[in-house]
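User: Hi! I'm new to reading protein models and would like a close look at a single part of this one. Could you walk me through it slowly?

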Amino acid sequence: MRFLGLILRTLFLTLVVVITARVASPQNETIWSAYDTPSDLFRIILGAAVCLFVAVQIFRYSRDPADMRRWVVIGGAAVPLALLCAVVIW
């Protein structure tokens, strides 16, 4: 249960990073022309900060077995939803 909870938590957080990076990328421009539009630049900076925060959370997990058992239930519901969101957004 502990290993499954860790795998589901890591998979969910990885999908959150992927979705955030995709949403934060400029819509019609390249990354280098984002400086022309302040809203795109703000979206890129905010998206990078969120991706960095979530990526750090992947490596910081609780050693409590109850937390990992909780992630089995949460991950079982959240991973398919996050995967569906990633496919739709891409």
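Analyst: What follows is a short tour of the whole chain and then a closer look at two residues in one helix. Please keep in mind that this is a predicted model.

Let's start with the overall layout. The chain contains 3 helices and 0 strands, and reading along the sequence gives the pattern α-α-α. How far does the C-alpha trace span along its principal axes? The answer is about 50 × 25 × 15 Å. The radius of gyration tells a related story: the chain has 16 Å, while a compact globule of 90 residues would have a value near 12 Å.

Next, think about what is covered and what is open. Of the 90 residues in the chain, 27% are buried. The accessible surface comes to about 6300 Å², and carbon and sulfur atoms account for 72% of it. As for charge, there are 8 positive and 5 negative side chains, with the centres of these two sets 16 Å apart.

Now for the close look, in helix 1, which covers residues 2-24. One of its residues is Thr20. Is Thr20 buried or exposed? Its relative accessibility is 19%, and buried means under 20%, so Thr20 counts as buried. The side chain of Thr20 also reaches back to its own helix's neighbourhood in sequence, coming to 2.7 Å from the backbone oxygen of Val16. If you set aside neighbours within four places in sequence, Thr20 is in contact with Gly47, Val50 and Cys51.

Leu13 is another residue to find, and it lies in helix 1 too. With a relative accessible area of 11%, Leu13 is buried. Which residues does Leu13 touch, not counting those up to four places away in sequence? They are Val54, Gln57 and Ile58. You can also look from Leu13 towards Val79: these two are 66 residues apart in sequence, yet their C-alpha atoms are 8.9 Å apart in space.

That pair makes a good bridge back to the whole chain. Take the contacts between residues at least 6 apart in sequence: 74% of them join residues at least 24 apart. The contacts of Thr20 with Gly47, Val50 and Cys51, and those of Leu13 with Val54, Gln57 and Ile58, are good places to begin when you turn the model around. Happy exploring!

Note on methods:
Residues are numbered from 1 along each chain as its sequence is written. This is a predicted model: local features need pLDDT of at least 70, side-chain atom pairs count only at pLDDT 80 or more; totals for chains, interfaces and linings use all residues. Side-chain values use heavy atoms; hydrogens and water are left out. Helices (H or I, at least four residues) and strands (E, at least two) are DSSP runs, numbered from the N terminus. The radius of gyration is taken over C-alpha atoms; the globule rule is 2.2 Å times the number of residues to the power 0.38. Buried means under 20% relative accessible area, exposed over 50%, partly exposed in between (1.4 Å probe, protein chains only). Contact means heavy atoms within 4.5 Å. Accessible areas come from the Shrake-Rupley method with a 1.4 Å probe; for residues, only the protein chains shown count as cover. Lys and Arg count as positive and Asp and Glu as negative; His and the chain ends are not counted. The place of a charge is taken as NZ of Lys, CZ of Arg, CG of Asp or CD of Glu. A polar contact is a pair of N or O atoms within 3.5 Å; within protein, one must be able to donate a hydrogen and the other to accept it, and residues adjacent in sequence count only if both atoms are side-chain atoms.
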